[in-house]
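Hi there,

Here is the structure I promised to pass on to you. Have a look at it first, and then read my notes below.

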Amino acid sequence: MPHTPEPDEDDLDAVPPPQPVFHVEQALLGALLLDPHRLDDVNGIAADSFSTAAHAALYAAISTLPRPDPAEHAKNTTWLDRVLATALEEARGLTASYLHALVQVCPWPRHAPAYARMVEAEHARRRLLTAAERLVHTVHDASVPHPVQTALAEADALAAVVDDIANRFPPRSGVLPRTPAPPPTAADDTEAVEEEQLLLATATARPDDIDAVRWLLPDDLTLPLHAGLWQCLTTLARRDEPIDPVTVLWEAQQRGLLDYGREPGEVLRMLAEPAGSVEHWAERALRRSLLATAEHTGRRVEAYAGDSANTPFQLVAGARRALADIAAVRTRWQHAAGATPPQQRRAAPATRAGPPTTTAAHAARPTRATR
């Protein structure tokens with residue numbers, strides 16, 4: 001039977017216990033309060049490396065105040081009082097008793113460099129998590145006027161954080177995060193489906209334009225049937241074989257695409273309704289694919305950084321592997337944007353298309369994601 005607390009009973013269970021890094025920070029600050037000269041052995045961290053405002057304020061005060069004379073420091077609390085007074089300007093909740101408690105909980109002051117390295121590692125994990133969250137948020141921010149460029153800029157910012165962590169913690173070969181990558185989230189994107197149908201129909205009607213969009217791959221499309229039909233079209237074009245709705249349908253049958261539950265008549269009707277240009281719809285599909293890849297990359301790095309068991313070495317290795325997926329799509333996007341005539345890009349609808357629906361067609365490509 002569940003326990004029901006009395007009205008005057010403190011609900012201490014509602015307060016989560018401190019994370020291990022909190023105790024590490026306490027040990028480091030205690031060491032520096034006890035032996036301020038050990039600050040010379042500490043590097044790689046700053047006030048913002050700490051997980052709480054109180055600890056950050058204390059470290060900032062310890063770092064900026066002149067060091068006390070060791071003999072005098074052993075006799076009185078004058079320097080500790082100055083540290084407290086300075087830190088109180090940024091963290092009102094600090095007390096003299098907390099500073100003395102920090103000194104008491106420090107097991108070995110001479111281990112201050114090791115404690116600082118642990119604080120630096122945890123700060124690196126939080127930085128990576130923040131950068132990944134920003135990337136995912138950018139993909140879903142409908143107020144961004146240029147979503148692709150903004151997402152790529154955030155991907156570059158994430159890569160810069162990874163590079164900085166790698167400089168501080170050089171990755172070891174073959175060390176990947178133990179955390180499994182999150183599965184792509186399926187979503188119903190009616191706009192994507194309609195645009196891809198127009199792409200397939202227009203390419204069927206104008207097969208000579210298929211060669212101009214070689215940068216579009218089947219995996220860029222959101223439905224298994226659409227991805228398969230695009231592969232049919234590119235294969236027939238490469239063989240220089242006749243292309244029309246009937247020949248595409250026959251090729252689709254040879255590939256088992258009709259097993260997805262679509263009737264032959266439905267496929268024929270879909271392929272017989274072209275509109276616009278192949279380049280326009282292909283660029284829209286690739287744009288959506290790039291945003292989906294950016295989102296899933298961000299979610300992968302979020303998962304890695306959200307697992308405190310991963311070391312900085314593992315975080316760097318996993319994040320770089322995830323970022324490689326964006327780099328591959330980015331190269332194709334730059335080629336597409338440079339090859340598409342300006343009037344085609346202006347013809348794109350003003351409404352923003354989000355990441356595509358992920359389906360079983362991308363099972364072999366787990367780096368894809370959608371919003």
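**What I found**

Let's start with Aspartate 240, which sits in the loop between α9 and α10. Please keep in mind that this is a predicted model. Is Aspartate 240 buried or exposed? Its relative accessible area is 69%, and the cut-off for exposed is over 50%, so Aspartate 240 counts as exposed. The backbone here is worth a look too: Aspartate 240 has a positive phi of about 60°, although it is not a glycine. For background, most residues other than glycine have a negative phi.

**A buried threonine**

Now move to another loop, the one between α7 and α8, where you will find threonine 179. Threonine 179 has a relative accessibility of 14%, and buried means under 20%, so this residue counts as buried. What does its side chain make polar contacts with? One partner is the side chain of aspartate 307, at 2.7 Å. Another is the side chain of asparagine 310, at 2.8 Å. Leaving out residues up to four places away in sequence, threonine 179 touches Ala303, Tyr304, Asp307 and Asn310.

**Two helices side by side**

Next, try lining up α6 and α7 on your screen. Their axes are 9 Å apart and the helices pack at an angle of about 170°. Angles over 145 degrees count as roughly antiparallel, so that is how α6 and α7 are described. Among the residues that meet are Leu128, Ala131 and Leu135 from α6, and Ala155, Leu158 and Val162 from α7. Sorted by class, this contact has 11 nonpolar, 2 polar and 7 charged residues.

**The nonpolar cores**

In soluble globular proteins, nonpolar side chains tend to be buried together. In this model, the largest nonpolar core has 60 residues, and Leu128, Leu216, Leu229 and Trp230 have the most contacts inside it. Several helices give two or more residues to this core, including α6, α7, α9 and α13. Which helix gives the largest share? That is α12, with 11 residues.

Leucine 216 is a good place to zoom in. Not counting neighbours within four places in sequence, leucine 216 is in contact with Leu199, Leu221, Trp230, Ala282, Ala285, Leu286 and Arg332. There is also a second, separate core of 33 residues, which includes Leu29, Leu32, Val42 and Val103.

Enjoy exploring, and write back with any questions!

Best wishes

Key:
Residues numbered from 1 in each chain as written. Predicted model: local features only at pLDDT ≥ 70, side-chain atom pairs only at ≥ 80, totals over all residues. Heavy atoms only, no water. Core = buried A, V, L, I, M, F, W, Y, C linked by side-chain atoms within 4.5 Å. Buried < 20%, exposed > 50% of the residue type's maximum accessible area, 1.4 Å probe, protein only. Helix = DSSP H or I, 4+ residues; strand = E, 2+ residues; numbered from the N terminus. Contact = heavy atoms within 4.5 Å. Polar contact = N/O pair within 3.5 Å; in protein donor to acceptor, adjacent residues only side chain to side chain. Axes fitted to C-alpha atoms, helices over the stretch in contact; angles between N-to-C directions. Parallel < 35°, antiparallel > 145°, perpendicular 65-115°, else oblique. Nonpolar A, V, L, I, M, F, W, Y, C, P; charged D, E, K, R; others polar.
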